[in-house]
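Here is a set of short exercises to work through with a structure viewer open. Try each task on your own before you read the solution.

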Amino acid sequence: MPGLARNNPFTERNTLKNPDEFFGRKDELRTIFERLKNLQSTSIYGERKIGKSSLLYYVFNKIPEELGSSYKAIYVDLQDPNYYTAYDFLRNVLTKMECNPKVILENNTDDKAHNREIYHKNLSAFSTSIEEIKNDHKYILIIDGFEHIIRKPQDFNKDFFDTLKTVGEHENIAYLTASLYSLRDLFIENKLTSTYYGLFSELKLGEFKSFETSNFLDAQRKGIEFNADEKKLIREIAKNNPLYLRVSCDHIFSNGENRWNRNKIKEEIVKELEYYNYKEATKKKNQKKSIKNIKIRVHKNGLKVVKLFIYLLKIFSPK
């Protein structure tokens, strides 16, 4: 039946691509753009689904407007298979920067010494390529999901990150990254000795401020206006979490002209939010693991006590 699908702006659960649906983060945006204007790098980190990718994508689209045509942004999502290896990363970034990607050589032999030589030649070629274009634009390399390459130290090693650091220090380029944890912590955790993270100022992304939540709920959207009871329920469930706000608004909007049943709608929203509640899921998983370990220890210790008891009986029992 045609015409069933209404214009529902709250269905997106991943990166927001529509700039009209991006709300809040004014302080963070001001900090990011001020730093990028001076080609200073920023690392954004925060929990899953807090809005890091949406923030990066918004910055990517707004750079021409905010900084001018002399700045050129390149957006890279490290969950994309095109960036799974150092070879793919170097080659595809150069392609996006309109450099010659063929300077990056394939490394497909079983000769480890030869592979190391090619690897270092590729890093040198990458650095030289960027040096050659540094007067064309001021480049901003936006990298989402940075933890995905830090956790592949065999391919993305100290030399790789040192090359990115040198390029960032001496050429017309700045980095804007997003990750679950701070770059410094990621590098230390994965025992990477490169000081690439030293290029960055860190920015922790958290929930909306209360007024940002109000702006989100009060925004003018065609054919959509939440009443006081609906807003109260949304705030009660979602607090100031941007994803939870979208999920709550989605359910209430989808309820449409149906009879208002507060408890039923709340139950549906909470049920979906359980899927995204990583902190609670991790907590429960750790609790189950701890209980299992305790049971194992009790069982093992119990066996030891039984064996000791039997041994003592054998010693002291009359013959």
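The exercises below deal with a predicted model, and each is followed by a worked solution.

**Exercise 1. The largest pocket**

Task: Describe the largest pocket by its volume, the residues closest to its centre and the classes of its lining residues.

Solution:
- Step 1. Start with the volume, which is about 850 Å³ for the largest pocket.
- Step 2. Go on to the centre: 35 residues line this pocket, and Asn14, Thr15, Lys49, Lys52 and Ser53 are the closest to its centre.
- Step 3. Sort the lining by class, and you find 13 nonpolar, 9 polar and 13 charged residues.
- Step 4. Now ask which elements contribute. At least two lining residues come from each of helix H2 (52-67), strand E2 (71-77), helix H5 (147-150), strand E4 (173-179) and helix H10 (242-255). H2 gives the most, with 4 residues.

**Exercise 2. A closer look at H10**

Task: Work out how the span of H10 compares with the expected one, whether H10 is enclosed or open, and what is found at its N-terminal end and just after it.

Solution:
- Step 1. Take the span: the 14 residues of H10 reach 20 Å from the first C-alpha to the last, close to the 20 Å expected at 1.5 Å a residue.
- Step 2. Check burial. The cut-off for a buried residue is under 20% relative accessible area. In H10, 13 of the 14 residues are buried, so the rest of the structure largely encloses this helix.
- Step 3. Look at the N-terminal end, where asparagine 241 acts as a cap, with a side-chain oxygen 3.0 Å from the backbone nitrogen of leucine 243.
- Step 4. Move to the residue just after H10: glycine 256 has a positive phi of about 50°.

**Exercise 3. Aromatic pairs**

Task: Classify the ring pair of tyrosine 83 and phenylalanine 89 and that of tyrosine 275 and tyrosine 276, then say which of these residues are buried or exposed.

Solution:
- Step 1. Recall the two values you need: a pair of aromatic rings is described by the distance of the centres and the angle of the planes. Rings pair if their centres lie within 6.5 Å, and planes over 60 degrees apart count as edge-to-face. The model has 23 aromatic pairs by this rule.
- Step 2. For tyrosine 83 and phenylalanine 89, the ring centres are 6.3 Å apart and the planes stand at 70°, so this pair is edge-to-face. Both residues are buried.
- Step 3. For tyrosine 275 and tyrosine 276, the ring centres are 5.1 Å apart and the planes stand at 85°, so this pair is edge-to-face.
- Step 4. Compare accessibility: tyrosine 275 is exposed, with a relative accessible area of 65%, whereas tyrosine 276 is buried, with 11%.
- Step 5. Follow the ring pairs further. They link Tyr83, Phe89, Phe146, Phe156, Phe160, Phe161, Tyr175, Phe187, Tyr196, Tyr197 and Phe200 into a cluster.

**Exercise 4. Positive phi outside glycine**

Task: Say where arginine 25 and leucine 39 are placed, and what phi arginine 25 and leucine 39 have.

Solution:
- Step 1. Begin with the general expectation: most residues other than glycine have a negative phi.
- Step 2. Arginine 25 sits in the segment before helix H1 (26-37). Its phi is near 65°, a positive value, and arginine 25 is buried, with a relative accessible area of 3%.
- Step 3. Leucine 39 belongs to the loop between H1 and strand E1 (41-45). Its phi is near 55°, also positive, and leucine 39 is buried, with a relative accessible area of 17%.

**Exercise 5. Two side chains and their backbone partners**

Task: Find which backbone atoms the side chains of serine 129 and asparagine 227 approach.

Solution:
- Step 1. Locate serine 129 in helix H4 (residues 112-133). Serine 129 is buried, at 8% relative accessibility.
- Step 2. Trace its side chain, which reaches the backbone oxygen of alanine 125 at 2.8 Å.
- Step 3. Turn to asparagine 227, in the loop between helix H8 (210-218) and helix H9 (228-238). Asparagine 227 is partly exposed, with a relative accessible area of 40%.
- Step 4. Find the partner: a polar atom of the asparagine 227 side chain lies 2.8 Å from the backbone nitrogen of glutamate 230.

Methods:
Residues are numbered from 1 along each chain as its sequence is written. This is a predicted model: local features need pLDDT of at least 70, side-chain atom pairs count only at pLDDT 80 or more; totals for chains, interfaces and linings use all residues. Side-chain values use heavy atoms; hydrogens and water are left out. On a 1 Å grid over the protein atoms alone, a cavity is a set of points where a 1.4 Å probe fits but cannot get out, and a pocket is an open set with protein on both sides within 12 Å along at least five of seven lines; lining residues have an atom within 4 Å of a point. Grid points are joined across faces, edges and corners, and a volume is the space filled by probe spheres set on the points. Ala, Val, Leu, Ile, Met, Phe, Trp, Tyr, Cys and Pro count as nonpolar, Asp, Glu, Lys and Arg as charged, and the others, Gly among them, as polar. The expected span of a helix is 1.5 Å times one less than its number of residues. Buried means under 20% relative accessible area, exposed over 50%, partly exposed in between (1.4 Å probe, protein chains only). A polar contact is a pair of N or O atoms within 3.5 Å; within protein, one must be able to donate a hydrogen and the other to accept it, and residues adjacent in sequence count only if both atoms are side-chain atoms. Rings of Phe, Tyr and Trp (its six-membered ring) pair if their centres lie within 6.5 Å; planes under 30 degrees apart count as stacked, over 60 as edge-to-face and the rest as tilted.
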